[in-house]
Amino acid sequence: MSSPALPGREAAAAGAGAAPPAAPRYSGGAIALHWLHALLVLALIGIGLAMGEMPKGAERSAAIALHKSLGLLALALLLLRLGWRLRHRPPVDNRLGALERKLAGLGHRALYLLLLLTPLAGYLSSSFTPYPMRVFGIVIPKAGWPDEGWNALFNALHTGCAWTLIGLIALHLGAVVLHALSGRSVLGRMLPGRGRR
Ligand code: HEM
Ligand code: HEM
């Protein structure tokens, strides 16, 4: 008995050796925001770690000023991204099981949480110093006053959050590589191009 007729694409996929259907991709806006934010955060981690190795002086002060400006830019970008995300649900990847999708969702939520807490703690830490808060040279309001105790507390929180974020990003990259090795790459979902959205 012949099998029921399948529409064109499904029929092709059902054939022996046919490539599995492509996973739906994120929207152009989500992709642009992801890569802009990823570049910014990786640069912030690099500058933040390099700052610790620099001797006190003009170069270190310039690196700290750049780190603070880019860090506040990353916070603004995160708020924009969260606003976008609340209005646009990510496309469901039906190739993954329910548990895998749940774990990916939890990982992404944890990333968003740390992407919020890290710059907030940095801003609060710098708020409790005697120095003005500048974004690319422009003075902006601080949330505190010169106080070594509060500064040390938020400084420790900022460092703890930054290292937790580094760990989560490593897990994130590990998950992307594992999916590619298991033949269900998710990278294409986050790359610009034509095809299914
Ligand atoms: C997503 C945003 C941010 C990331 C990923 C980030 C990351 C880091 C990292 C990795 C370090 C080095 C930690 C260590 O030495 O172990 C650091 C240090 C620092 N960050 Fe950030 N940062 C961010 C935002 C900010 C913001 C918004 C400010 C302030 C406005 C800030 C102020 C500082 C300061 C003052 C230090 C030096 C701490 C010290 O060595 O005493 N950061 N940051
Ligand atoms: C540089 C290497 C990176 C690669 C290859 C990469 C790849 C990806 C891919 C493929 C996805 C989609 C996963 C899926 O649902 O199928 C994704 C989502 C995500 N990535 Fe990355 N990523 C990278 C770096 C980063 C960094 C540094 C951050 C932190 C700023 C980040 C934050 C996120 C978040 C929050 C999502 C969830 C998007 C959502 O569903 O709302 N990624 N990434």
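1. Helices, as the word is used here, are DSSP runs of H or I with at least four residues, and strands are runs of E with at least two. By that reckoning, the span 103-124 is 100% helix and 0% strand, and its end C-alpha atoms lie 31 Å apart. The model is a predicted one, and the values below are computed from it.

2. Overall architecture. The chain holds five helices and two strands. Read from the N terminus, the order of elements is α-α-α-α-β-β-α. Of its 197 residues, 13% count as buried. Among contacts between residues at least 6 apart in sequence, 69% join residues at least 24 apart.

3. Record annotation. An unreviewed UniProt entry places the feature "transmembrane region" at residues 31-51, 63-82, 103-124 and 162-187. The model can be set beside two of these spans. Residues 63-82 come out as 100% helix and 0% strand, with 28 Å between the end C-alpha atoms. Residues 103-124 are likewise 100% helix and 0% strand, with the ends 31 Å apart.

4. Helix 4. This helix (98-127) has 30 residues and reaches 44 Å from its first C-alpha to its last, close to the 44 Å expected at 1.5 Å a residue. Its buried residues are Leu114, Leu115, Thr118, Pro119, Ala121, Gly122, Tyr123, Ser125 and Ser126. These buried residues pack against helix 2, helix 3 (58-87), strand 1 (133-135) and helix 5.

5. Nonpolar core. Twelve residues form the largest nonpolar core: Val41, Leu44, Ala74, Leu78, Leu114, Leu115, Ala121, Phe128, Phe154, Cys161, Ala162 and Leu165. Helix 2, helix 3, helix 4 and helix 5 each give two or more residues to this core. The largest share, four residues, comes from helix 5. One core member, Cys161, touches Leu114, Leu117, Thr118 and Ala121, leaving aside residues up to four places away in sequence. Among those partners, Leu114 and Ala121 are themselves in the core.

6. Tryptophan 150. This residue lies in helix 5. Is tryptophan 150 buried or partly exposed? It counts as partly exposed because it has 16 C-beta neighbours inside 10 Å, whereas a buried residue needs 20 or more. Apart from residues up to four places away in sequence, tryptophan 150 touches Phe128 and Gly144. The C-alpha atoms of tryptophan 150 and phenylalanine 128 are separated by 6.3 Å, with the two residues 22 apart along the chain. Phe128 belongs to the largest nonpolar core.

7. Ligand 1. The shell around this ligand has 26 residues, and the closest are Gly48, Lys68, Gly71, Gly122 and Ala162. Helix 2, helix 3, helix 4 and helix 5 each supply at least two residues of the shell. By class, the shell has 14 nonpolar, eleven polar and one charged residues. Two of the closest residues appear in earlier points: Gly122 is buried in helix 4, and Ala162 is part of the largest nonpolar core.

8. Ligand 2. Here 21 residues make up the surroundings, with Ala38, Pro90, His108, Val186 and Met190 coming nearest. The elements giving two or more residues to this shell are helix 2 (28-53), helix 4 (98-127) and helix 5 (148-181). The shell divides into 14 nonpolar, four polar and three charged residues.

How values were computed. Residues are numbered from 1 along each chain as its sequence is written. Chains are lettered from A and ligands numbered from 1 in the order in which they are written. This is a predicted model: local features need pLDDT of at least 70, side-chain atom pairs count only at pLDDT 80 or more; totals for chains, interfaces and linings use all residues. A residue is near a molecule or strand if its C-beta atom, placed from the backbone, lies within 6 Å of it. Ala, Val, Leu, Ile, Met, Phe, Trp, Tyr, Cys and Pro count as nonpolar, Asp, Glu, Lys and Arg as charged, and the others, Gly among them, as polar. The expected span of a helix is 1.5 Å times one less than its number of residues. Two residues are in contact if their C-beta atoms, placed from the backbone, lie within 7 Å. A nonpolar core is a set of buried Ala, Val, Leu, Ile, Met, Phe, Trp, Tyr and Cys residues joined through C-beta atoms within 7 Å. UniProt positions are given in the numbering used here, feature names are shortened, and annotations may be inferred rather than shown by experiment.
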